[in-house]
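Visitor: I should like a close look at the empty space in this model. Please describe its surroundings first, and then the backbone elsewhere.

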Amino acid sequence: MDGTRFESQVEKHGEEVIEVSGLVTEFHIPEGVVRAVNGISFRICRGETLGLVGESGCGKSVTALSILRLIPSPGKIAKGRILFEGQDLLRSPLRQMQQIRGSKIAMIFQEPMTSLNPLFTVGNQIAEVYMEHLDSRYTEAWENSVDILKKVGIPSPQQRAKEYIHQLSGGMRQRAMIAMALACNPKLLIADEPTTAVDVTIQAQVLELMRGLQKKTGAAILLITHNLGVIAEMCDRVIVMYVGQAVEEADGDTLFDYPLHPYTRGLIASIPFPGRKSIKGKDRLEEIPGLVPSMYDLPTGCVFFPRCSEAKDLCKKEAPELIHVKEGHRVACWMVHS
């Protein structure tokens, strides 16, 4: 991202919260080395929402876990820099990272049932956040837990705080997860598929809740999803990922109105809605041909060329760089570069 684009971004949203540069995260497995994240770079400013979109397994969640330095074995962050408020998280002591997690950077996981502890009440789990990061006494922490549950729209918060996660509905579980993430007013909120486990009605409520709380606190949001409808509704800027790499980046309107990468166009063309015809005028939805390549055996050249109907000889030999085609719009595609 060049300086001109970043200056306009700051003017619109506020100061920079996080900058990720050349992030490479690898998993060493018997079949080979998997680069789950391969050189991705981005910045997020205060009050801005950046979306990461792509098929399952493209590296979206690994990017988020890399920011928090929560990559499980046998994975490791091999290269890159993550500056959070000017501090390089990849070189910070573990104790310092533990203080940042949950306080300055918080994460909403996609499945509350596997992310919250079933042996403790919802109120106790949220109270632990206040006691750990704000040195609150238990009584004060419990009161704050009830208060934050009320703020995220959970009815009868005093009663719900005494209940266990299995006693809550899907929508209330997700709200409880959001309440825990927002307990310390984080500067950066990472939301990993926050609407996957709920129906469309609850999905709209969760998105509205995130949007409202962002307006109040000014938090930067990294929103990870495969749902392009959620991206269109929530995000100021979008990065499209494919097998660990960023293939296109643009603001939301530009991405949907003028998608340039064949993969981006394929994703948008596959969105179903009433009365939609395919590009060829047929009732059947468009599809991206072929299969996603194995992460430990990627094709040479452009990683998308085996599935691309527009590929030429150069695409098979050399990987295109992610370059600016106009202000704020970057694409990695030889068809656009030439």
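Guide: The account below begins with the open space, continues with the enclosed space, and ends with strands and backbone. The model is predicted, with local features requiring pLDDT of at least 70 and side-chain atom pairs pLDDT 80 or more, while totals for chains, interfaces and linings use all residues. Residues are numbered from 1 along each chain as its sequence is written, and side-chain values use heavy atoms, without hydrogens and water.

The largest pocket has a volume of about 700 Å³. On a 1 Å grid over the protein atoms alone, a pocket is an open set of points with protein on both sides within 12 Å along at least five of seven lines, a cavity is a set where a 1.4 Å probe fits but cannot get out, and lining residues have an atom within 4 Å of a point. Volume is the space filled by probe spheres on points joined across faces, edges and corners.

The lining of this pocket comprises 22 residues, and those nearest its centre are Arg101, Gly102, Phe109, Val129 and Met180. Two or more lining residues come from each of strand S6 (105-108), helix H5 (122-134) and helix H8 (170-182); helices (H or I, at least four residues) and strands (E, at least two) are DSSP runs numbered from the N terminus. H5 makes the largest contribution to the lining of the largest pocket, with six residues. By class, the lining of the pocket has twelve nonpolar, seven polar and three charged residues. Asp, Glu, Lys and Arg count as charged, Ala, Val, Leu, Ile, Met, Phe, Trp, Tyr, Cys and Pro as nonpolar, and the others, Gly among them, as polar.

Enclosed space is present as well: the structure holds four cavities of 30 Å³ or more. The largest cavity contains about 70 Å³ of space. It is lined by 14 residues, and Pro262, Cys302, Cys308, Cys315 and Cys333 are the closest to its centre. In class, the lining of the largest cavity consists of twelve nonpolar residues, one polar and one charged.

The strands follow. S2, S1, S4 and S5 form, in that order, an open sheet of four strands with antiparallel pairing, where two strands pair if DSSP finds at least two bridges between them. Its edges are strand S2 (32-45) and strand S5 (87-88), each of which pairs on one side only. Within the sheet, eight bridges join strand S1 (residues 16-29) to S4 in antiparallel fashion, and Ser21 stands opposite Arg81 in S4.

Strand S11 (residues 323-326) and strand S12 (residues 329-331) also run antiparallel, joined by three bridges, with Ile323 opposite Val331 in S12. S11 and S12 form a hairpin with two residues between them, and Gly328 in the turn has a positive phi of about 80°.

Most residues other than glycine have a negative phi, and most peptide bonds are trans. Ser156 has a positive phi of about 45° although it is not a glycine; this residue lies in the loop between helix H6 (138-151) and helix H7 (157-161). Glu193, likewise not a glycine, has a positive phi near 50° and belongs to the loop between strand S7 (188-192) and helix H9 (200-217). Ser156 is partly exposed, at 48% relative accessible area, whereas Glu193 is buried, at 7%; buried means under 20%, exposed over 50%, and partly exposed in between (1.4 Å probe, protein chains only). Finally, the peptide bond joining Ser73 and Pro74 is cis, with omega about 10°, and Pro74 lies in the loop between helix H2 (60-67) and strand S4 (75-84).
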